[in-house]
Amino acid sequence: MKLTLRAAIFYLMTILGLVVLVTGLVLYIWPRGPQSGRIEFLSLRKDDWRDFHMQTSIVLAFVLIIHLVENRTCVKTYVKTTLGG
């Protein structure tokens, strides 16, 4: 089975998107207060979760740009048909 670039980008975007979603939810429900940074969840502290969330989000943004460049003809067609350009 051959994995094409489009398929690899799709799976990478899906995995990264889920990771960003989960880490964002963890940070959202994380307790607040002066001692909240000392709490650990899955052996990671709040700063570790925040850093991982940010780094994963940046990688996802780069993969999204690659996705848009790889599919530029489809994107142009969608824009023309939906915006009437």
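Buried means under 20% relative accessible area. Keep that cut-off in mind for this tour of a predicted model.

**Stop 1: Trp49**

Select Trp49, in helix α2. Its relative accessibility is 7%, so Trp49 counts as buried. Now show its surroundings. Leaving aside residues up to four places away in sequence, Trp49 touches Thr23, Val26, Leu27, Trp30, Phe41, Leu42 and Leu44. Draw a distance from Trp49 to Leu27. These two residues are 22 apart along the chain, and their C-alpha atoms are separated by 7.1 Å.

**Stop 2: Trp30**

Go next to one of those contacts of Trp49, Trp30. Trp30 sits in the loop between α1 and β1. Is Trp30 buried or exposed? Its relative accessible area is 4%, and Trp30 is buried. Which residues does Trp30 touch, not counting those up to four places away in sequence? They are Ser36, Ile39, Glu40, Phe41, Leu44, Arg45, Lys46 and Trp49.

Before leaving, draw a line from Trp30 to Lys80. The pair lies 50 residues apart along the chain, with 43 Å between the C-alpha atoms.

**Stop 3: Gly37**

Stay in the loop between α1 and β1 and pick Gly37. At 36% relative accessibility, Gly37 counts as partly exposed. Gly37 touches Arg45 and Lys46, again not counting residues up to four places away in sequence. Asp48 is eleven residues from Gly37 along the chain, and the two C-alpha atoms are separated by 9.6 Å.

**Stop 4: the loop between β1 and β2**

Select Leu42 and Ser43. Leu42 lies in the loop between β1 and β2, and Ser43 has its place in that loop too. Check the backbone angles here. Most residues other than glycine have a negative phi. Leu42 has a positive value, near 55 degrees, and is not a glycine. For Ser43, also not a glycine, phi is positive at about 65 degrees.

Now turn on the surface. Leu42 has 62% relative accessibility and counts as exposed. Ser43 counts as exposed as well, at 62%. Leu42 is also among the residues touched by Trp49.

**Stop 5: helix α1**

Colour residues 5-29, helix α1. How far apart are the end C-alpha atoms of α1? They are 36 Å apart, which agrees with the 36 Å that 25 residues should span at 1.5 Å a residue. Show the side chains of Ile9, Leu16, Val20, Thr23, Val26 and Leu27, which are buried in α1. The buried residues of α1 pack against β1 and α2. Thr23, Val26 and Leu27 are already familiar as contacts of Trp49.

**Stop 6: helix α2**

Add residues 46-70, helix α2. α2 has 25 residues and reaches 36 Å from its first C-alpha to its last, close to the 36 Å expected at 1.5 Å a residue. Which residues of α2 are buried? Lys46, Trp49, Thr56 and Val63 are buried. Their cover includes α1, β1 (40-41) and β2 (44-45). Lys46 was met earlier as a contact of Trp30 and of Gly37.

**Stop 7: the α1 and α2 pair**

Keep both helices on screen. Two packed helices are described by the angle between their axes and the distance between the axes. For α1 and α2, the angle is about 150 degrees and the axes are 9 Å apart. That makes α1 roughly antiparallel to α2, since angles over 145 degrees count as roughly antiparallel. α1 passes α2 in a left-handed crossing.

Colour the contact by residue type. What kinds of residue make up the contact of α1 with α2? There are 16 nonpolar, seven polar and four charged residues.

**Stop 8: helix α3 and Gly84**

Finish at residues 72-83, helix α3. Its twelve residues should span 16 Å at 1.5 Å a residue, and the end C-alpha atoms are 16 Å apart, which agrees. How many residues of α3 are buried? The number is zero, so α3 lies largely in the open.

Step on to Gly84, which follows α3. Its phi is positive, near 70 degrees.

Key. Residues numbered from 1 in each chain as written. Predicted model: local features only at pLDDT ≥ 70, side-chain atom pairs only at ≥ 80, totals over all residues. Heavy atoms only, no water. Axes fitted to C-alpha atoms, helices over the stretch in contact; angles between N-to-C directions. Helix = DSSP H or I, 4+ residues; strand = E, 2+ residues; numbered from the N terminus. Parallel < 35°, antiparallel > 145°, perpendicular 65-115°, else oblique. Left-handed = near helix turned anticlockwise from the far one by under 90°. Nonpolar A, V, L, I, M, F, W, Y, C, P; charged D, E, K, R; others polar. Expected span 1.5 Å × (residues − 1). Buried < 20%, exposed > 50% of the residue type's maximum accessible area, 1.4 Å probe, protein only. Contact = heavy atoms within 4.5 Å.
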